[in-house]
Structure formats: structure tokens, C-alpha cells
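Biologist: Please take one part of this model and look at it closely, and then follow its surroundings step by step, explaining each term as you meet it.

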Amino acid sequence: MEGVELELERRSKFLNSLIQLKKKAKEQQDQKDEFNVRVRASDMPLALQNRAFSLSRELLNATPGKADNKRLALALKKDFDSAYGLAWHCIVGTSFGSYVTHSVGGFIYFQIDKVYVLLFKTAVEPLDHQ
């Protein structure tokens with residue numbers, strides 16, 4: 001009888017974890033819809049993605065009409081440099097090509113309205129001054 005109870009508890013935990021994952025996915029989709037964001041590619045934790053989305057939306061709303069791509073790129077880079085360490089890079093525009101190497105967990109390429117944003121982090125190695 002004890003084995004049956006353990007199996008039921010294991011299955012219950014598994015189902016609860018699936019429910020939690022579904023809720024998180026729904027919340028993430030709701031936030032993307034709220035910011036009018038479409039993720040093209042990402043290797044970034046959701047918290048960092050949400051920070052990039054909210055900052056981008058805030059800056060785009062502050063400059064109605066034509067987006068100031070240079071200002072958005074600078075703001076994202078500075079914010080991520082100060083919050084998550086140095087060596088973040090940001091490219092913003094409506095038409096560009098790229099091929100970059102990034103640190104694990106430090107890459108996102110998304111569209112917000114009609115603007116595309118590429119935000120990524122690279123590893124920084126100190127110079128050896130001998």
C-alpha cells in the first residue's frame with residue numbers, strides 16, 4: 001500500500017509542475033502581447049527578456065512617431081551593462097544582417113512594433129599587462 005501512495009504523490013507533483021509550467025507560459029505570452037513583441041530567437045532567461053521588452057516599450061512610447069534606434073540601442077546596452085555586467089551589445093533597426101557569438105544565456109533577437117532588436121553579451125577577458 002505504501003508503494004501506491006508514493007506513486008500517487010509522485011504523479012501529483014509531476015502534474016502540479018506541468019500546471020505551473022503552463023501558467024508561466026501563459027503569463028509570458030500575455031506579457032509579449034501587452035508589449036507587442038515577437039521573439040525571433042532567444043537564449044536568455046525570461047526575467048532578462050521581460051526587462052528588455054519593458055525598457056524597449058517604455059522608450060518607444062516616449063518617442064512617438066519614428067523610433068530613435070540609436071537611443072534605444074544605447075539605453076538597452078547601458079541598462080544591461082549596469083544590471084548584468086559588462087560586454088552587452090545592441091543593434092536596433094528595421095533591416096540588418098548579423099552573425100554573432102554570444103555568452104550562454106545572453107542572446108535575444110526580437111521585434112517590437114516594426115523595430116528589430118538584437119541584444120547579446122560576449123565574454124570579456126582582462127588584458128595581461130606584462
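Modeller: Leu86 sits in the loop between α3 and β2, where helices (H or I, at least four residues) and strands (E, at least two) are DSSP runs, numbered from the N terminus. This is a predicted model, in which local features need pLDDT of at least 70 and side-chain atom pairs count only at pLDDT 80 or more, while totals for chains, interfaces and linings use all residues. Residues are numbered from 1 along each chain as its sequence is written, and side-chain values use heavy atoms, with hydrogens and water left out.

Leu86 is exposed because its relative accessible area is 62%; exposed means over 50%, buried under 20%, and partly exposed in between, with a 1.4 Å probe and protein chains only. Setting aside neighbours within four places in sequence, Leu86 is in contact with Asp81, Lys121, Thr122 and Val124, where contact means heavy atoms within 4.5 Å. The C-alpha atoms of Leu86 and Ala123 are separated by 8.6 Å, although these residues are 37 apart along the chain.

Ala123 leads us to another loop, the one between β2 (88-93) and β3 (107-112), which holds Ser103. A polar atom of the Ser103 side chain lies 3.3 Å from the backbone nitrogen of Ala123. Ser103 counts as buried because its relative accessibility is 18%, and, not counting residues up to four places away in sequence, Ser103 touches Asp43, Lys121, Thr122 and Ala123. Val100 lies in the loop between β2 and β3 as well, but counts as partly exposed because its relative accessibility is 26%. With neighbours within four places in sequence left aside, Val100 is in contact with Phe107, Leu118 and Phe120.

The strands on either side of these loops belong to an open sheet of four strands in the order β1-β3-β4-β2, with antiparallel pairing; two strands pair if DSSP finds at least two bridges between them. The edge strands are β1 (37-43) and β2, each of which pairs on one side only. Six bridges join β2 to β4, and these two strands run antiparallel; Ile91, for instance, has Leu118 in β4 as its bridge partner. The helix α3 packs on the sheet, touching β2 and β4, and its direction makes about 160 degrees with that of β2, where axes are lines fitted to C-alpha atoms, for helices over the stretch in contact, and angles run from 0 to 180 degrees between N-to-C directions. The helix α2, in turn, lies across β1, β2, β3 and β4, running at about 35 degrees to β3.

What do helices and strands share? The largest nonpolar core has 21 residues, of which Leu72, Leu76, Phe80, Phe110, Val117 and Leu119 touch the most other members; such a core is a set of buried Ala, Val, Leu, Ile, Met, Phe, Trp, Tyr and Cys residues joined through side-chain atoms within 4.5 Å. At least two residues of this core come from each of α2 (46-62), α3 (69-84), β2, β3 and β4 (115-121), and the largest share, six residues, is supplied by α2. Leu76 touches Ala52, Leu55, Ser56, Cys90, Val117 and Leu119, not counting residues up to four places away in sequence.

Note on methods: A polar contact is a pair of N or O atoms within 3.5 Å; within protein, one must be able to donate a hydrogen and the other to accept it, and residues adjacent in sequence count only if both atoms are side-chain atoms.
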